[in-house]
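Hi everyone, thanks for coming. Have a look at the screen while I bring this one up.

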Amino acid sequence: MTLLARVRDSRFLRFAVVGGLGFFMNEAVLYAAIHFLGLGPYSAGIFAFLVTVTFTWGGNRLLTFGDKAARGIMAMVEEWAKFVAANALGFGVNYAVYVSLVTFAPGPLNSPYVALAFGTLAGLIFNFTLSKRFVFNAAD
């Protein structure tokens, strides 16, 4: 089975691909917000999060959970709000794992780069689980 076929056949891998694209989107929007819109790093971070979470919500509606996506404008607004909340919680999980490893783990787990990888993986699993069970459940 090819890698493309595995991604096509796995909801989790499609979710991860959308998230990976979202990472690059977040970096690009953050850069643009700081350098072209003149926002400070904190407001630019919030702006980038909102743009990126909307991008990944749309990508996951189409590519990952199309069969379970909400229909109708009000249901879609509610779904988007749930996705934003789920991703905010997922960021909390990501950051908690990162801080815990950097603060308490022995080397090399306490490296910021290793901790970031584990935090990102924890956040990905958390976000996927919430999205599957809580956000994209219109067909259930």
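I'll go through a pocket first and then two threonines.

Quick housekeeping: this is a predicted model, where local features need pLDDT of at least 70, side-chain atom pairs count only at pLDDT 80 or more, and totals for chains, interfaces and linings use all residues. Residues are numbered from 1 along each chain as its sequence is written, and side-chain values use heavy atoms, with hydrogens and water left out.

So, how big is the largest pocket? Its volume is about 1,200 Å³. A pocket here is an open set of points on a 1 Å grid over the protein atoms alone, where a 1.4 Å probe fits, with protein on both sides within 12 Å along at least five of seven lines; lining residues have an atom within 4 Å of a point. The volume is the space filled by probe spheres set on those points, which are joined across faces, edges and corners. There are 32 lining residues, and Phe 23, Asn 26, Phe 91, Asn 94 and Thr 120 sit closest to the centre. Helix 2 gives the most, with 10 residues. Helices are DSSP runs (H or I, at least four residues), numbered from the N terminus.

Now the threonines. Thr 64 is in helix 3, residues 41-64, and Thr 54 is in helix 3 too. Buried or partly exposed, Thr 64? Buried, because its relative accessibility is 1%, and the cut-off is under 20% (exposed is over 50%, partly exposed in between, with a 1.4 Å probe and protein chains only). Thr 54, at 33%, is partly exposed.

Methods:
Helix = DSSP H or I, 4+ residues; strand = E, 2+ residues; numbered from the N terminus.
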